Amino acid sequence: MAVGTETGADANAETITASVVGGSGFTGGELLRLLAGHPNVEISEVTSRSKAGKSVGSVHPPLRGSDLRFTEPDDLESVDVLFAATPHGVSMGRIDEFFEVADTVVDLSADFRLETEAQYDEWYDGHEAPEYLETAEYALPEINRENLAGADLIAGGGCNATATILGLYPLFEHGILEGSTERVVVDVKVGSSEGGAGGGEASSHPERSGVVRPYAPTGHRHEAEIEQFLGTSVAFTCHAVDMIRGASATSHVFPASPVSKGDLWQAYRGCYEDEPFVRMAAGGSGVYRYPEPKAVAGTNLGEVGFELDPSNERIVVFSAIDNMMKGSAGQAVHAANVALGLEETAGLEFTGLHPVGAP
């Protein structure tokens, strides 16, 4: 497998071949957009049962002019890395086949995010290939970089979980929260693209426009990821709101011991100061004083920030991502870069646009 130079890949490094299985949906389109601009990746194959034979550009307008066409997903070419952008349940049924044609598999569904078969029995509908759960590595480099290096199976994180974990992780990492007695209440607002290209009536414009609609007041499946990686239970609620891209998490945290703003800055800077895809937005000036999905639309950036409320001993944590990027395709490419020994930021070095419409 081509992994570039010892100091990270560049435009002169050997090319890594990649395929995208399930490339016709929103996430597949984002993956193709990123991989098409990646200096070390050549896209070998894009599959879609429903779009086989059609040009990729006919489905994903940003890729008009590309020579790529969708192929049937049954006959896969041998590649260095395979990205699976398929619905939940597909990858676990085809994982042996995927590894027959690729050295590294990056799955963007929920099929390998959790660590045990018992978790899938509780939160999903069981698991067809539980023997792979112990070897899968969670795709969020900010919390799992060391284990991602050289990983063969990478499990993409859920967008709501990603936003929440990024916001709360420094509080646990630096001992402000222990996870035993504290209360953590999380409210996430998400855009319609989370429902995918076939999101159905609830994601249609007439039903989505202008709403702030609770759709998972309790029991959202992403709770399992949050609890797994933070080591605590959370009271978690999701709202569907009138935007296309974005996930914005507001977490209300009640620590057991007094906390100062200095403690918080030390925790967040300690975790994220050197991270290429996390930036702080905590107060400041201007219109966008706190993390905002609109400010990161189209990028792999996550924004985090906080406020301290001494009157009721509460920390309010804010975190925002583009659910299609940091919450899905961008996270997958970032994790693959780490696993393959490439430059971490390769294919992801761009900022967002301002002003833009609904992100």
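This is a short talk on one protein chain, going from its parallel sheet to its largest pocket and then to one well-covered strand.

Okay, before anything else: what you have in front of you is a predicted model. Let's start with the open sheet. It has seven strands, in the order β3-β2-β1-β4-β5-β7-β6, and the pairing is parallel. Look at the two edges, where you'll find β3 (70–71) and β6 (137–138). Each of those has a single partner strand, so one side of each is left without a neighbour in the sheet.

Further in, β5 (residues 102–107) pairs with β7 (residues 153–155) through three bridges, in the parallel sense. If you want a spot to click on, try Val106, whose bridge partner in β7 is Ile154. Now add the helices. Helix α3 (residues 90–101) packs on this sheet and touches β1 (16–21), β4 (79–84), β5 and β7. Its direction makes about 150 degrees with that of β5. Then there's helix α11, residues 325–340, which lies across β1, β4, β5 and β7 and runs at about 150 degrees to β4.

What does the record say about this part? UniProt, in an unreviewed entry, puts the feature "domain: Semialdehyde dehydrogenase NAD-binding" at residues 17–151. In the model that span is 31% helix and 21% strand, and its end C-alpha atoms lie 17 Å apart. Towards the end of that stretch there's helix α5 (residues 141–148), with Pro141, Glu142, Ile143, Asn144 and Leu148 as its buried residues. After α5 comes Gly150, which has a positive phi, near 80 degrees.

On to the largest pocket. The space in it comes to about 970 Å³. Which residues lie nearest its centre? Out of 38 lining residues, those are Thr27, Ala85, Thr86, Pro87 and His88. Helices α1 (26–36), α3 and α11 each supply at least two residues of the lining, and α1 gives the most, with three.

Here's where the record comes back in. The unreviewed UniProt entry marks a "binding site" at Ser24, Gly25, Phe26, Thr27 and Asn323. And in the model, Ser24, Gly25, Phe26, Thr27 and Asn323 are included in the lining of the largest pocket.

Let's take two of those. Ser24 sits in the loop between β1 and α1. Its relative accessibility is 21%, so it counts as partly exposed; the cut-off for buried is under 20%. Beyond its sequence neighbours within four places, Ser24 contacts Thr47, Ser48, Ser50, Lys51, Val59, His60 and Phe70.

Is Asn323 buried or exposed? With a relative accessible area of 3%, Asn323 is buried. You'll find Asn323 in the loop between β14 and α11. Setting aside residues up to four places away in sequence, its contacts include Cys159, Ser193, Glu194 and Arg245.

That loop brings us to β14 itself, residues 314–321. Eight of its eight residues are buried. In a regular strand, side chains alternate between the two faces of the sheet. Here Arg314, Val316, Phe318 and Ala320 point one way, while Ile315, Val317, Ser319 and Ile321 point the other.

What pairs with β14? Strand β11 (residues 247–254) is joined to it by seven bridges, antiparallel, with Ser248 opposite Ala320. Strand β13 (residues 302–309) is also antiparallel to β14, joined by eight bridges, and Gly305 has Phe318 as its bridge partner. β13 and β14 make a hairpin with four residues between them, and Glu313 in the turn has a positive phi of about 55 degrees.

How values were computed: Residues numbered from 1 in each chain as written. Predicted model: local features only at pLDDT ≥ 70, side-chain atom pairs only at ≥ 80, totals over all residues. Heavy atoms only, no water. Buried < 20%, exposed > 50% of the residue type's maximum accessible area, 1.4 Å probe, protein only. Pairing = 2+ DSSP bridges. Contact = heavy atoms within 4.5 Å. Axes fitted to C-alpha atoms, helices over the stretch in contact; angles between N-to-C directions. UniProt positions renumbered as here; feature names shortened; annotations may be inferred. 1 Å grid on protein atoms, 1.4 Å probe; cavity = no way out; pocket = protein on both sides within 12 Å on 5 of 7 lines; lining within 4 Å. Points joined across faces, edges and corners; volume = space filled by probe spheres on them.
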